[in-house]
Amino acid sequence: MTKPEPVFPENRHALYEEHGYSAAIRTGDLLFVSGQVGSRDDGTPEPDFEAQVRRAFANLEAMLAAAGCTLADLVDVTTFHTDPENQFATIMKVKAEVFPAPPYPNWTAVGVNWLAGFDFEIKVIARIPANA
C-alpha cells in the first residue's frame, strides 16, 4: 500500500500554515487537491470576483504542476459558489477559457453560504501521469 504524501506548490500561500492542511495528497497515481481559492500570496481573498476565479484556477494549475500534472489530468472537479445565480456567467466565461474544447472534466457545482471570506473554490482529483 502506498503511503499518502503531501504535495505543495512552489509558491505556497499562507493559508496552508494558517489553517493546518496540505495543498494536496498524492497516493499511488492519484492526487487529491484541497480546495483552491482565489487567494493572494498572503492568503487574503482577491476582491474582484472574476479575478478571484482566475486566481483560483492559477493556484490550481500551480498545485497540479507541483505533482507533475496539468488540467488535462483531472478526473473529478467540484466547485463551490457563494452566489451561484449571480456568479454563473462569470464562472462559465473563465471555465470556457480554461477548458476551451472537449474532452471536458466531469464537474459538480455546489452553492454554499460561506467560504472563509472567498466566493469561489475549486477542489479536484487528478490522475498523476506515469512519467511524473
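**Figure 1. Glu 5 stands opposite Arg 26 in strand β2.** Welcome to this predicted model; our first stop is the start of its sheet. Strand β1, residues 5–7, runs antiparallel to strand β2, residues 24–27, and three bridges join the two. Strand β2 also pairs with strand β3 (residues 30–37), again in the antiparallel sense, this time over four bridges. Here Thr 27 has Leu 30 of β3 as its bridge partner. The hairpin of β2 and β3 has two residues between the strands, and within this hairpin Gly 28 takes a positive phi near 60°.

**Figure 2. Six strands come together in an open, mixed sheet.** Following the sheet across, you meet the strands in the order β1-β2-β3-β6-β4-β5. Strands β1 and β5 (106–111) stand at the edges with a single partner strand each, so one side of each has no neighbour in the sheet. From one strand to the next, the twist averages 15°. Further in, β3 and β6 form an antiparallel pair over six bridges. Look for Leu 30 here, which stands opposite Arg 127 in β6. Helix α3 packs on the sheet and touches β4, β5 and β6. The direction of α3 makes about 145° with that of β4.

**Figure 3. Glu 50, Arg 54, Lys 93 and Glu 97 are linked in a network of salt bridges.** Which side chain meets Arg 54 in a salt bridge at 2.9 Å, N to O? The partner is Glu 50. These two residues are four apart in helix α2, which means that about one helical turn separates them. Glu 50 also forms a salt bridge with Lys 93, where the closest N and O atoms are 3.2 Å apart. Because Glu 50 lies in helix α2 and Lys 93 in helix α3 (residues 84–98), this pair ties together parts that are 43 residues apart in sequence. Arg 54, in turn, forms a salt bridge with Glu 97, with 2.6 Å between the closest N and O atoms. Here too a residue of α2, Arg 54, is paired with one of α3, Glu 97, so parts 43 residues apart in sequence are tied together.

**Figure 4. The same four residues, seen by their accessibility, are partly exposed.** Arg 54 has a relative accessible area of 32%, which makes it partly exposed. Glu 50 is partly exposed as well, at 23% relative accessibility. On the α3 side, Lys 93 reaches 41% and counts as partly exposed. Glu 97 falls in this class too, at 44% relative accessibility. For the wider picture, the count of salt bridges comes to six.

**Figure 5. Asp 73 is buried yet has no salt bridge.** You will find Asp 73 in the loop between α2 (49–66) and β4 (74–81). How far away is the nearest side chain of opposite charge? That side chain belongs to Arg 127, and it is 8.2 Å away. A salt bridge needs the nitrogen and oxygen within 4 Å, so this pair does not make one. Beyond its neighbours within four places in sequence, Asp 73 is in contact with Gly 68, Ile 125, Ala 126, Arg 127 and Pro 129. Arg 127 may be familiar by now: in β6, this residue stands opposite Leu 30.

**Figure 6. Two loops hold backbone details worth a look: a cis peptide bond and a positive phi.** The peptide bond from Pro 102 to Pro 103 is cis, and its omega is near 5°. Pro 103 sits in the loop between α3 and β5. Now move to the loop between β5 and β6, where Ala 116 is found. Ala 116 is not a glycine, although its phi is positive, at about 55°. With 42% relative accessibility, Ala 116 counts as partly exposed.

**Figure 7. Confidence is lowest in helix α1 and highest in strand β6.** Across the protein, pLDDT averages 91, and 94% of the residues score at least 70. Helix α1, residues 15–19, has a mean of 67, whereas strand β6, residues 120–127, stands at 98. Where pLDDT is low, the predicted coordinates should not be read in detail.

Methods:
Residues are numbered from 1 along each chain as its sequence is written. This is a predicted model: local features need pLDDT of at least 70, side-chain atom pairs count only at pLDDT 80 or more; totals for chains, interfaces and linings use all residues. Side-chain values use heavy atoms; hydrogens and water are left out. Buried means under 20% relative accessible area, exposed over 50%, partly exposed in between (1.4 Å probe, protein chains only). Lys and Arg count as positive and Asp and Glu as negative; His and the chain ends are not counted. Contact means heavy atoms within 4.5 Å. pLDDT is the predictor's confidence in each residue, from 0 to 100. Two strands pair if DSSP finds at least two bridges between them. Axes are lines fitted to C-alpha atoms, for helices over the stretch in contact, and angles run from 0 to 180 degrees between N-to-C directions.
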